[in-house]
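Please load the coordinates in your viewer and keep the selection panel at hand. The tour moves from one selection to the next and says at each stop what is to be found there.

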Number of protein chains: 4
Amino acid sequence: MLNDLPDIAGQSLSDTQSGRDDRRLAIDKVGVKGIKFPIAVRDKNTHSLVHCTGDFELFAHLAPDNKGSHMSRFIEILHSHGKIISVDSFKEITQEVRNRLDSERADLKVAFTYFREKESPVSKIKSLMDYEVELECSVTETTHSYQVTVHTYGTSLCPCSKEISDYGAHNQRSKVSISVTTSDTVWIEDLIDIAEAQMSCQVFGILKRPDEKWVTEHAYDNPKFVEDMIRDTAIGVINQLDGRYKCCHIEVENYESIHNHSAYAQMSFDHP
Amino acid sequence: MLNDLPDIAGQSLSDTQSGRDDRRLAIDKVGVKGIKFPIAVRDKNTHSLVHCTGDFELFAHLAPDNKGSHMSRFIEILHSHGKIISVDSFKEITQEVRNRLDSERADLKVAFTYFREKESPVSKIKSLMDYEVELECSVTETTHSYQVTVHTYGTSLCPCSKEISDYGAHNQRSKVSISVTTSDTVWIEDLIDIAEAQMSCQVFGILKRPDEKWVTEHAYDNPKFVEDMIRDTAIGVINQLDGRYKCCHIEVENYESIHNHSAYAQMSFDHP
Amino acid sequence: MLNDLPDIAGQSLSDTQSGRDDRRLAIDKVGVKGIKFPIAVRDKNTHSLVHCTGDFELFAHLAPDNKGSHMSRFIEILHSHGKIISVDSFKEITQEVRNRLDSERADLKVAFTYFREKESPVSKIKSLMDYEVELECSVTETTHSYQVTVHTYGTSLCPCSKEISDYGAHNQRSKVSISVTTSDTVWIEDLIDIAEAQMSCQVFGILKRPDEKWVTEHAYDNPKFVEDMIRDTAIGVINQLDGRYKCCHIEVENYESIHNHSAYAQMSFDHP
Amino acid sequence: MLNDLPDIAGQSLSDTQSGRDDRRLAIDKVGVKGIKFPIAVRDKNTHSLVHCTGDFELFAHLAPDNKGSHMSRFIEILHSHGKIISVDSFKEITQEVRNRLDSERADLKVAFTYFREKESPVSKIKSLMDYEVELECSVTETTHSYQVTVHTYGTSLCPCSKEISDYGAHNQRSKVSISVTTSDTVWIEDLIDIAEAQMSCQVFGILKRPDEKWVTEHAYDNPKFVEDMIRDTAIGVINQLDGRYKCCHIEVENYESIHNHSAYAQMSFDHP
């Protein structure tokens, strides 16, 4: 791997990757992948910090005449922001990558499990729910943008099964993934709220008996095809994130309980 | 990696791993992992061959005074059995590993996706179902044994949810894993049949509307907790595999539709 | 899940998803995911069939005023092409999906492990190598296109480590992924050949001692940064696939032996 | 899923799983799996807390005549220990599971990524290293035991390749997994230290040029087969954990740079 020139006096090891390259091909992204680092993410409502384990990727654009990148600098920049990195500093980190790598563009991506407290519907017992989240930050000399992706699980209940059966209806765990590109602030909680509202029913960490009765009947009262879930989620994004996203990508996967394969839908749209 | 002495005349490269070792520690298993190879598995009913992609592990026991194993021999033995390896030759391959590596014991393990044709319950449409399977073979000078593991998916419907709710009942995809150790013949199909019989309902590749009505109502008529599924599966093994296994390990995981975590049970028992 | 209207006389179950939808949102892709099915892929050189296990996704575009798709039709179309599906029929399958789902566009995607025989460099021992492959086919009324993606493993040896060290040089397993979009024929073997030629050294299934000496020295003689590997692979695509691709995406990941993270590069370009 | 009887006055939903079971089969482990929860782990040296994301499994033994377990109680017990669970309370949590589920035995298992600061060998730059860890706790009425598993990555360099080649030697990323069962205290750091000492060379987060020279030459000076790594690690456990473990299981996997498969070894032994 390409490691940096030593700052230590007296060393004079040669720097093979600082030369010019004559293949004349730019590389869109060069960098490091699979860097685990503790991060702190601010909760929208309480403003307290949620501790998470980040899985980082850091990249810089490489111009056609530059032979190589300095890989150790990416990790050094990450470490220079403390032992727990705040999401608030992601833009600054990405800008530092761009500057120190002398690049026209830099990208940071981090994936982590986020936690949010949630009340059960009847007995109001609080429990933590976990959500898979990906945050990306891209900067050029004059622009920056974020991409926020949240994967939310819930229940889907099949309208067809309900309609044709004398009793019961098959239902299953579903994953709704919303991804928005923005230069504004979009909270993880904003995307969770939109996704959970469009399931046949939300899922919870702890359910007591009266809660379980409620979720069973609520799902039965709200049957949705994968097509309904994705369209209703899109309408949720359009109505509730107005003015705060440039483009949106949604995926819904139902882990069918009557098959061992999934029903799936995806759509992308720009802010109107 | 340790590769074999050349058979090619004139070569005389040194053989660093054939010496004696003075740490005096036996190694239970030394070998190779992650070898992909095409295999052919015989269908119990039609006796035709099912083509699968095997993911192999091959190991030999290493005696305390042996410095090392010859890794290339494992792969050579595998390749010497043709371009598509039959499951029927697994025991022979394992014996060859033991002999050529001059070891007291050898083990072969292969994981693959197996296919079986299945009819939908009402419209009788045939479709392929896939099952995750692991086969292991262990040989010593005087003994051999097999371990057959089959992971079967199906539907579980919650008795509690059905009981307490005015209508509906939550249900979800479940995985039943049965693993038996035997010196006899246990067919993959035998374990699938036992597992599928104990689900709230089986799953299918293709379901037309009358089938979907049938599976919905059938699951509702057969509610089962994870505890019921594992106990009923155990009774299936005891009753239907009589005399053909030494020990049995069962796991059941329900991918709950009302939570984003699983309900889970496991048990192990010897042939009575 | 949405299953099809019965063809069986006398059934008259209602068809909840054939109605009109008034949310007025098209869905880019609706369909099924995670369908395992045996496939046969033709070898470029021998023209013999390689048996593989396909993991399928099948999607149709859904117009804004269509309420839903008929999920069982996707699987029925797949099954109507025999018990082992030939890659040669992927375009026809995708067209059938488009026609039967009455859609403006359909997509098929399949991922599988492909096998190819390969000779070791000195002792000329033949062994099977496995490659991860993804094939996609997209059709509209008047157009069709393919995307072929091949992931090839090899060795990368670090030029910087070689240059600054008195002896040795760190090296590691690397993955080169080439993805081309085309309406022409691009063989899996074409992409493997391009990728393997640009590694510090190729990897092999079986290596005897003289082979191991050769690959060790060959890698040491051909040090490459991740930036070199991706640029040289791009030049390979440009020179060797001339006229047969519309756009190309390449990724290289080095699973560094001196870190527990990866060095990574990616680039995309259109046919000039 | 089986959820608990309501504590809320006035509810009287039936409790289907509290009855007696007449299949007369004990279940070794019944419970929940895939529960994500924030945890805090104490660093051996600084005694400060490391924030990690735990992936929990919680199980209780189910006696033959007990119909079912109460799944919501597992999650409630977890939540009753605060918003971030300390590893110090794992034994207490497991005992509570045993008591509240009225079981003869209970098990807790948690997997997480742990962080530790580490200095590069020459330039002494500090960076975080991540380690995959699993902790298990098992309690009966009179006994308790822990299992600590740590997966540590490092570099292995092949002695055979070094010996037979005129220059260079293939090397690669390797994973050493040490698992010890104990009723005593074994720190995660203890197992990391043992594993890292037996690699051809340790890996680091940040390496400057003089560090990269050092690790390259150090690995070349310390060639080890997978057999050497596992035996030397075993001797490390025997010498350095004396008196503090009952049994030990070790696995070593070398992600070979000259193949796309792994060399692998495993061994188990009891405290002498």
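What follows is a walk through a predicted model, beginning at an interface between two chains and ending among paired strands.

**Stop 1: chains D and B together**

Select chain D and chain B and display the residues of each that touch the other: 58 residues of chain D are in contact with 58 residues of chain B. The size of an interface is often given as the accessible area lost when the parts come together. Here the two chains bury about 4600 Å² between them, and 57% of that area lies on carbon and sulfur atoms.

Now turn to the polar side of this interface, where the rule finds 10 salt bridges between chain D and chain B, together with 26 residue pairs in polar contact, both residues being at pLDDT 80 or more. To see one of the salt bridges, select Arg23(D) and Asp228(B), whose closest N and O atoms are 2.8 Å apart.

**Stop 2: the side of chain D that faces chain B**

Hide chain B and colour the touching side of chain D by secondary structure; β1 (27–42), β2 (49–62), α1 (71–79), α3 (159–164), α6 (226–240) and β10 (262–270) of chain D each supply at least two of its residues. Which element gives the most to this side? It is β1(D), with 9 residues. Recoloured by residue class, this side of chain D divides into 29 nonpolar, 16 polar and 13 charged residues.

**Stop 3: a strand pair across the interface**

Bring chain B back and select its strand β10 (residues 262–270) with β1(D): the two run antiparallel and are joined by 5 bridges. For a point of reference within this pairing, label Tyr264(B), which stands opposite Gly31(D) in β1(D).

**Stop 4: how the two copies are related**

Superpose chain D on chain B, which takes a rotation of 180° with 0.0 Å of shift along its axis and leaves an RMSD of 0.0 Å. The two copies are thus related as by a two-fold rotation axis. How do the copies meet? Of the interface residues of chain D, 100% are also interface residues in chain B, so the copies meet through the same surface.

**Stop 5: from chain D to chain A**

Next, select Glu117(D) and Lys83(A), whose side chains meet in a salt bridge at 3.6 Å, N to O. Because Glu117(D) lies in strand β4 (residues 105–119) of chain D and Lys83(A) in the loop between α1 (71–79) and β3 (85–86) of chain A, the pair joins two chains. Over all chains, the structure holds 68 salt bridges.

**Stop 6: strands within chain A**

Stay with chain A and show β2 (residues 49–62) beside β4 (residues 105–119), which run antiparallel and are joined by 6 bridges; Asp55(A) has Ala111(A) in β4(A) as its bridge partner. Then add β5 (residues 126–140), which is antiparallel to β4(A) and linked to that strand by 15 bridges, with Phe115(A) standing opposite Asp130(A). β4(A) and β5(A) form a hairpin with 6 residues between them, and in the turn Lys124(A) has a positive phi of about 60°.

**Stop 7: strands within chain D**

Finally, select β7 (residues 171–182) and β9 (residues 247–254) of chain D, an antiparallel pair joined by 8 bridges, and then add β10(D), which runs antiparallel to β9(D) and is joined to that strand by 8 bridges. Centre the view on Asn254(D) in β9(D): Ser174(D) stands opposite Asn254(D), and Asn254(D) in turn stands opposite Ala263(D) in β10(D).

Key. Residues numbered from 1 in each chain as written. Chains lettered and ligands numbered in written order. Predicted model: local features only at pLDDT ≥ 70, side-chain atom pairs only at ≥ 80, totals over all residues. Heavy atoms only, no water. Contact = heavy atoms within 4.5 Å. Buried area = accessible area lost by both parts, 1.4 Å probe. Salt bridge = Lys/Arg side-chain N within 4 Å of Asp/Glu carboxyl O. Polar contact = N/O pair within 3.5 Å; in protein donor to acceptor, adjacent residues only side chain to side chain. Helix = DSSP H or I, 4+ residues; strand = E, 2+ residues; numbered from the N terminus. Nonpolar A, V, L, I, M, F, W, Y, C, P; charged D, E, K, R; others polar. Pairing = 2+ DSSP bridges. Least-squares fit on C-alpha atoms with pLDDT ≥ 70 in both.
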